[in-house]
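Thanks, everyone. Let me put the structure up, and then we'll walk through the sheet and the aromatic contacts.

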Amino acid sequence: MYTNFSRLFPTAPPPHSPARIVLIRPCCIGDVVLATAAFSALRRAYPNAHITWAVGGWSRQVVDLLDGVDAILDTGKRDLPVRSAGGFMRFVRDLRAGNFDLAVSLVRSPLMSAAVWMSGIPHRVGIDSNGRGFGYTVRVPVNPAEARHEAAIYLDVVRALGISTDDCYANVPVREADRQRVRGLLTNQGVRGDYLVIHPAGGNNPGMTMDSKRYPPQNFALLADTLAEKLNAQVILIGGPADAGIINAVGSQMKTRPQIFAGQLTFGEIVALALDARVYIGNDTGLTHLAAAGGAKTAMILGPSDPKRYAPYTPDSLALWQPVELRAGGVSAGKSAQWDWARDGISVEDATAQLLAFLGEN
């Protein structure tokens, strides 16, 4: 359908030196973190351009941490602002008001493609999945059935502008003020020496609820106890305000007494906490991507999501996964009712062995 529709919309070469750019990746936290690689390439290629990031309230804290973002266009609470008629028109008006000469869209939605076209921005580059990018003047084809990393797809969009993406990884700077606050907090809570951070939650965002991405609490508890003993380190469990249930489920099954920070840390403080840890361990979730992008040694436990698509996009990270056949199209294809951690997921023993090797402790 969309492939035929796209023939009605003209394409055009990319601009040579855009002055005002809008980067569109509203949601969710992990996707926004992965998009920082593309942002880095844009900022490096166009050092004098004014770059606005269109991002939603759920993920804005990530963009607030970045250096080089000139402005933020708040797209609201939904995963995409274009899903309602009112939101669609508001977003079109906001784009028009920005007087942008280049839009870089890292969104597959045909509604987003249409909104960017209606904005009148002269140059529009974006993802074209099965013709959904009909509204872009530069369309970057992607095969949804091919297992390629999300960050690499975003970088393809930037490369279509004719600029280099060499050495561009997901990256979020760590602010010294956040680091000092976290160190003070740890001192006050009696955390001294080595520690490891575990985030057992995730899988819930405005775009999708997928609790099956969570490693079972009893597995996390055993993994934490084993690593605490072998690394002679304290354990810190973290999560958001709504994560007390799963954090308590992990902590109550541990022999080691963990330190718990639930709903107490900003994104900047989480990055700082992770950076000083021996290792940060989490599910395939936004905060795990955030920790990795901040430079922490990070291990992501993946289950029904493919590391080829969703592993941290950084040089110093580890994807813990037992190879298993997954649905084509990734998690965007929907939930898998067949997933079973006991049968399909990585065991605590295998995860421990890989983590110790990753940390040079084998």
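Start with the open sheet in this predicted model. Six strands, parallel pairing, in the order E3-E2-E1-E4-E5-E6. The edges are E3, residues 71–74, and E6, residues 138–142; each pairs on one side only. From one strand to the next, the twist averages 20 degrees.

Look at E1 and E2. E1 covers residues 20–24, E2 covers residues 50–55, and 5 bridges join them. Leu23 has Trp53 in E2 as its bridge partner.

Now the helices. H4, residues 85–97, lies across E1, E2 and E3, at about 160 degrees to E3. H6, residues 150–159, packs on the sheet too, touching E4, E5 and E6. Its direction makes about 145 degrees with that of E5.

On to the rings. The whole structure holds 7 aromatic pairs. One of them is Phe39 with Trp53: tilted, 5.8 Å centre to centre, 40 degrees between the planes. Phe39 sits in helix H2, Trp53 in strand E2, 14 residues apart. Buried or exposed, this Phe39? Buried, at 4% relative accessibility, under the 20% cut-off. Trp53 is buried as well, at 0%.

Next, Tyr169 and Tyr313. Also tilted: 5.9 Å between centres, 45 degrees between planes. Tyr169 is in the loop between H6 and H7, Tyr313 in the loop between H12 and E14, so the pair ties together parts 144 residues apart in sequence. Tyr169 is partly exposed at 36%, and Tyr313 is partly exposed at 21%.

Two last items. Tyr215, Phe220, Trp339 and Trp341 form one aromatic cluster. And the charged end of Lys297 sits over the ring of Phe358, 4.2 Å from its centre.

Conventions
Residues are numbered from 1 along each chain as its sequence is written. This is a predicted model: local features need pLDDT of at least 70, side-chain atom pairs count only at pLDDT 80 or more; totals for chains, interfaces and linings use all residues. Side-chain values use heavy atoms; hydrogens and water are left out. Two strands pair if DSSP finds at least two bridges between them. Helices (H or I, at least four residues) and strands (E, at least two) are DSSP runs, numbered from the N terminus. Axes are lines fitted to C-alpha atoms, for helices over the stretch in contact, and angles run from 0 to 180 degrees between N-to-C directions. Contact means heavy atoms within 4.5 Å. Rings of Phe, Tyr and Trp (its six-membered ring) pair if their centres lie within 6.5 Å; planes under 30 degrees apart count as stacked, over 60 as edge-to-face and the rest as tilted. Buried means under 20% relative accessible area, exposed over 50%, partly exposed in between (1.4 Å probe, protein chains only). A charge sits over a ring if NZ of Lys or CZ of Arg is within 6 Å of the ring centre and within 35 degrees of the ring normal.
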